[in-house]
Every structure is written in C-alpha cells, then in structure tokens.
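Me: I am new to this structure and would be grateful for a close look at a single part of it. Please keep the account connected.

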There are 2 protein chains.
Amino acid sequence: MAFLVKKFGGTSVGTVERIKHVAKLLVAAKQSGDDVVVVVSAMSGETNRLVALAREMMPAVVDVRELDVLLSTGEQVTIALLAMALKELGVEARSYTGSQVRILTDSSHSKARIINIDKAPIMNDIEQGHIVVVAGFQGVDERGNITTLGRGGSDTSAVALAAALGCDECQIYTDVDGVYTTDPRVESRARRLEKITFEEMLEMASLGSKVLQIRAVEFAGKYNVPLRVLSSFEPGDGTLITLDDEENQMEQALVSGIAFNRDEAQITVAGVADKPGIAYSILGPIADLNIEVDVILQNIGENGLTDFTFTVHRDEYGRVIEFLKSRQDELGAELIHGNDRIVKLSIVGVGMRSHAGIASRMFKALADNGINLRMITTSEIKISVVIDENFLELGVRSLHEEFELAEPTQTS
Amino acid sequence: MAFLVKKFGGTSVGTVERIKHVAKLLVAAKQSGDDVVVVVSAMSGETNRLVALAREMMPAVVDVRELDVLLSTGEQVTIALLAMALKELGVEARSYTGSQVRILTDSSHSKARIINIDKAPIMNDIEQGHIVVVAGFQGVDERGNITTLGRGGSDTSAVALAAALGCDECQIYTDVDGVYTTDPRVESRARRLEKITFEEMLEMASLGSKVLQIRAVEFAGKYNVPLRVLSSFEPGDGTLITLDDEENQMEQALVSGIAFNRDEAQITVAGVADKPGIAYSILGPIADLNIEVDVILQNIGENGLTDFTFTVHRDEYGRVIEFLKSRQDELGAELIHGNDRIVKLSIVGVGMRSHAGIASRMFKALADNGINLRMITTSEIKISVVIDENFLELGVRSLHEEFELAEPTQTS
C-alpha cells in the first residue's frame, strides 16, 4: 500500500511486447494495493530516428524550439500505447503529455528546468483508482511552447513528479537489477547494493556507472525522494538510494563501490608561472571549445613554476594537445605533454568521512599489485587515482577485495 | 498580396525531400508578398503505422482517447520538420499543434467537431512576418484532451482556419492539379475546370472524385471560404471552388462534370406491401449493421405491392442479400434479388437548374450507344443512372462528348 512513481526507459518500452510486459508489472502493483503514476521514455531508437530527421532538415544548427516539438512525439507515442495496454488488461488508465500535466518549465529548449507541476489532475485520477501515465522528458513553458529536459530527462520527470505528489518512492526500471559494488563485467564477484546514499550514487554515476541520470539523483537528494533502481525484466528489490541519515550510517560499509572510467586522457602543462589566474588561462579557452574537463590537479610549485595537469575525454585528447601547443608561448609553458592510455579508478563511500586510513589502504592494495599511481585526487566521500589503462581490471579487483565488497561466500 | 491558408496532405509531405519542396513553395509565396498559414498532415504511411501499433495493443476495440493521443503525433512530426525546413531557407516560421493554436473541439474523440479557433497567436506571428505551420486533423477539448477530426480532417482544419482568420483563399495541395470534368483515366479528353461551385464539388466528391473531403467542402460553403485545389508537384492555378453567385452563373456550363462510382451493387426487395414504414423496416436494420446505402428508389406500386431498390458498396452485397433473405418472411417480400456488376454514372452541374431538357439529352446519348438504364435518380444539380458495369467507359465518354466538356481543339 504505497504511492509510487515508476519510470520505464526506452529499452523497457522498446517494442509492443515490452510495453505489454510493463503493463502487466503495473497491474500487479495496482492489484497489490499500490497507487501508481508511471513515467515513460520514447521507445528505444525513436529519439535517434527523430534527431536524424531533424538533422536532414537543418544540417548545421537545428532550431531547438522545433526540435522539442519533434522529439516530444516520441514519449507521446509511448504513453498512448501503454495506456491502451493497461486498458486492454482491464485497468483504468489515462495518459498525459508534459503540457497536459502540466509540467511547467523554463524556456530553455532541449535542456529545460522544471519549475512547477500541477498535481491536481493526477491526484484526481489516482483517487478514482486510475493508473496515470505521464510522458517523461517533456514539459511546457509559460507561453505554451513544448520543451524537453534533455537526454535522460525522463528520470528527472519521474523524480519531480514523485516530489510534487509526495510519493513514497520513485522507482526507476532499467535493464540492470540495481547498483553494483563495481562493474560485474570486470569483477564477477561484484555485489548488488541494497542501499546507497544519494551522494555515493552521484559519485558512482559521474564516474561511469550509467544507471541513473546525475540530474535526477541530485533532484531526488534535494527533495529527499527515495529512489529505487530495479530491473524491468527480472524480479527483485533493486537498490534503494536514500538520504545519508543516521539510521543508514549505522550499517554503512566503509566503501560502497569501486567506480572507474576507461575513456580518460591526461594532459600536463609543465613549467608555467605559479601565479594567480594561471588555471583559468589554461582551462578557460578549453571550456570555450565545449570540452569537458574531469580531474584537475596542480601541485605546489618550485622556483615560481608549477605543473598543471587535468584529464579530458580520450576523444578530445588530440584536439586539446594541439590547441595548447599552439598557445604554448602565450602560456609561457616549458612543455605540453600527456597520455591517452590512462584510466581513472575510484573508491566511493560515505563511511570514509568517519574513518581514517581508507586512502592508505587503497594505495597499499594497489602498490602490492605493482600498480603505479600517476595522479591522486580526493573528495569527502571519494578517492580517485589515475593509472595506466593496462592495470584497470587488476586495480578494480584488488580494491574490491581489499574493501570486502564481494558477495559473502559459504567458505569465507 | 493575399492572406492564404495552404494545406499539404500526407503524400505532399511524405519524405524529407518533399517537405523541403513544400518549404520552397511556401517561401516563394511569401516572397511574392503573400501572408501564409500552412496546414499539414502526417507524412504518408505514418497514420497507418500508428493505427497498426494501436491495434496490436487493443486488438478488439481501441480506446479512442488514447488513439487520438497517438495519432496526433503524426502531424506534430510534420509541423516541426516543415518549420525547420523553412528556417533553413532563412524564413521565420513557427509550428503549432492543435492544442497550441488552440483549435477547440467537442470531446468526440476520432471524429471531433471544431467549435472555436483562437486566432490571436497566429495573427501575432503573421504580423511579425512569420510563416505559421499548423498541425491539421487535431484539436483539443475544453478539458485539455487531445482530439482528432477523423481521416481527412486536415482539409477541415485548413478551411476552419481560413474562415477564422478571414483568409482570401484556402488552397488545398494534392497530387492532382485540379478538379476535372471526369476521370482522365477513363476519358483522355477530360479537362481541368477553372471554377466549380461548392454544391457541384459536393456532388462530384461524393460520387467518387476523391480530391477533397466532403466535410471540408461543406464547411467552406457554409463560411464562404474560396477553396482552391492545386498540385504540390506541378505549377498551375488548379480549380477554384466558390459560391454559386450570379457572377459565376453567367459563365456556367450546363453540365460541369461526369462522375461515376464503380463499386456499387444494387439490391431489390420485390413485392412488398406498399404501406407507410416499409422503407424504414428494410433500411433501418441495414443502417444498424453500419452499412451505408447510396441510391434509394421506390416506384409507384400496383395492387398494394411495390418494389424497393437501393445500392450499397459492392463489398457489402453478399452480407446484405443474406441478411434480407433471412428476414424475407418478416418483410413479406415476394423476392429478394440484386446485381453486383452495376455502376452509377452521373452528370453534375448547377446549370441544370435553369435549363430544361438536360435529362433527356443524357438519356438519349446513352440510348444511342445502346446503354440500358437500370435505375434513374435526380436531384437539383445531378442526374444519376445505374447501368451495367461493362458500359461505364462508353457511358462516360458519350456524356463527356454530348455536353461538350472536352478541351477545345484547334479543329473544332
């Protein structure tokens, strides 16, 4: 007997059969006594098909207002089909587009922010025992223009609805059955986490565990909406993502997971003047090129000079090196060099806050396996190291073992 | 320098290239000084694809509210793509769904009637020099539910917009270059009509010249919106459909066109009591079967008995004969018989009203060619005969010649 928002992504509603399967899941939830609002994405492939059409129309720069009108049809198709599937199973259902709800956003087409949600019509339907089907990813601005929240925005729609409606949980159905201690393809003993905090999830997500959209997790944290990740295809409780409250801390492990990112490249601007503004003079123009920088690291300088190092996505490596070399004189740098065969490896856990010595345990475990650390950065609940890409799997497995993340076995 | 609504159907916007072609036509009109509101249908095939998806979801009876949510995405895709194509050509354009305009309808999903159109936002855009792109076929009811006007409803949307906005003309672009005196595939000398009245067009349309939706013509006639049918693919003035005013009558031919319908079947209930209510007792139950009846004919009876004859679509012939035979005793009919190898052939023209002898010229022309008339019915501006299907082409050509409808040639 709970009031739930359930969100199904493009893969979960990718075919007529899968939509029917989702309808059955929803009817089962309804029959067990839950009230359900369901948020759906476009059928997988549909958004890409529409984007390709738009590109054919406007090869250079696509008009964002019209792109939103186009893309929003993707979810509209899904809500209608899912509502039909529910009715076919004998359950009352009603679909809503973003405009119909109405999910009011600002006017930033293709990356709109939700301002307000009108809960009255949905609550009215819920009280009448209906399942309410809402198009994710889309909204409407004050002047009635259709807006979209950007890729993955359906997660955000779901969390925003759960917050506005005061739901007990926002359940995100995906093609994985939860959040794992690390990638099971790298460490077969990786274990599904029953619980994780919003902060940990943010660190895991931004480090490449692409289960949830970062923005949705931030949103859920901000409004304290319990989030649950679970599988559309297999039964199970998934992973619950909640506030880092005292109750949770009691049972908190030191380290919750091992995250990594294969696609990094490291660039060093060596021997630049150690003076105010040097970081901006290097990174400002790179941001202007619309290149995202991940790790940034600058050590104490000597003789008025310092080395400045950062990482970018591997695909941008050549472009950044070339750009910096063209500006080498201007920057007064002795050397521009880098490496695009590196990866980032991190341990994440709120338990770190209250426990000393986690970092040294990490470094020792890696050293014991002969892994050289090229860079180290730390935050409150995360320690990241940059290592040679050849050592990634070894690194993940040694840390997974060091912090006892594996499934407990009979013999242990 | 005119204010025009231009409507393009599914075939005219069936591919990216065709949408770009439509955009060029519109830009040319704009550059020649016209103000343009354009109404578009779903890309050809899209509506059928969506209907098929709906049928997969609800094989028996599809929920009409959700079907409208689904189908309305078809035109929404087209408006966005066309607006993009226009912007790519450097013209300001803005798309509107039915809800956005807003085209207010009643709540009869899948066959909604337009109640009101909010002209302010469109006029505002037009004043700013924009081309306004509106989704045809769709509207919104008072409670914000998406509605559709039924198949071919885009023509109706276009006419309704032209009426609401006070446009000079509503131009319907199709894959033919106008309305012809008869089907050019049957009579190669068929001539494009420069002008025709609404009433004539209604008679032509209902008789099988499937250029325009009947409902749109009725609507245009009611609000006196000049309609023009023209080709998306070939330049030309098309055919203007206007009120039957005095100016038009001056130059009116006696007969404007020869219409025909190949798909008819004739059924006779012979020897029934010639008493009040007999027509209803035969046709009422047939209407209940959702079978449309075209020609209905009952002659003066003898000895208290009469023969009652009507035509239906050829596909329904077997079903109707079987049904009537099962009720033969109840009806007290001597015989139920029929013929599914017949066709209906008609001459249409407002000129008939003021000229006697048109009917006899028609009958003589057919008799001279050895064509036997099985049934005759007449209205104010139309005379129809039912003949053996083998004589259709001969009949069309003889009447086309009799009423001098062919293109004038050098030698005549």
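How many residues of chain B are in contact with how many residues of chain A?

Reply: The model is a predicted one. In it, 26 residues of chain B are in contact with 26 residues of chain A. On the side of chain B that touches chain A, helix H2 (46-57), helix H3 (64-88) and helix H4 (98-101) of chain B each supply at least two residues. H3(B) gives the most to this side, with 14 residues. By character, the residues on the side of chain B that touches chain A comprise 15 nonpolar, 6 polar and 5 charged.

Chain B also contains an open sheet of 4 strands. Its order is S15-S16-S14-S17 (chain B), and the pairing is antiparallel. Strand S15 (293-298) and strand S17 (335-339) of chain B are the edge strands, each of which pairs on one side only. From one strand to the next, the twist averages 20 degrees. Between S15(B) and strand S16 (residues 305-313) of chain B, the antiparallel pairing extends over 4 bridges. In S16(B), B:Thr309 is the residue that B:Leu297 stands opposite.

Two helices may be described together with this sheet. Helix H10 (residues 278-288) of chain B packs on the sheet and touches strand S14 (264-273), S15 and S16 of chain B. The direction of H10(B) makes about 25 degrees with that of S16(B). Helix H11 (residues 317-326) of chain B packs on the sheet as well, touching S14, S16 and S17 of chain B. The direction of H11(B) makes about 175 degrees with that of S17(B).

How values were computed:
Residues numbered from 1 in each chain as written. Chains lettered and ligands numbered in written order. Predicted model: local features only at pLDDT ≥ 70, side-chain atom pairs only at ≥ 80, totals over all residues. Contact = placed C-beta atoms within 7 Å. Nonpolar A, V, L, I, M, F, W, Y, C, P; charged D, E, K, R; others polar. Pairing = 2+ DSSP bridges. Axes fitted to C-alpha atoms, helices over the stretch in contact; angles between N-to-C directions.
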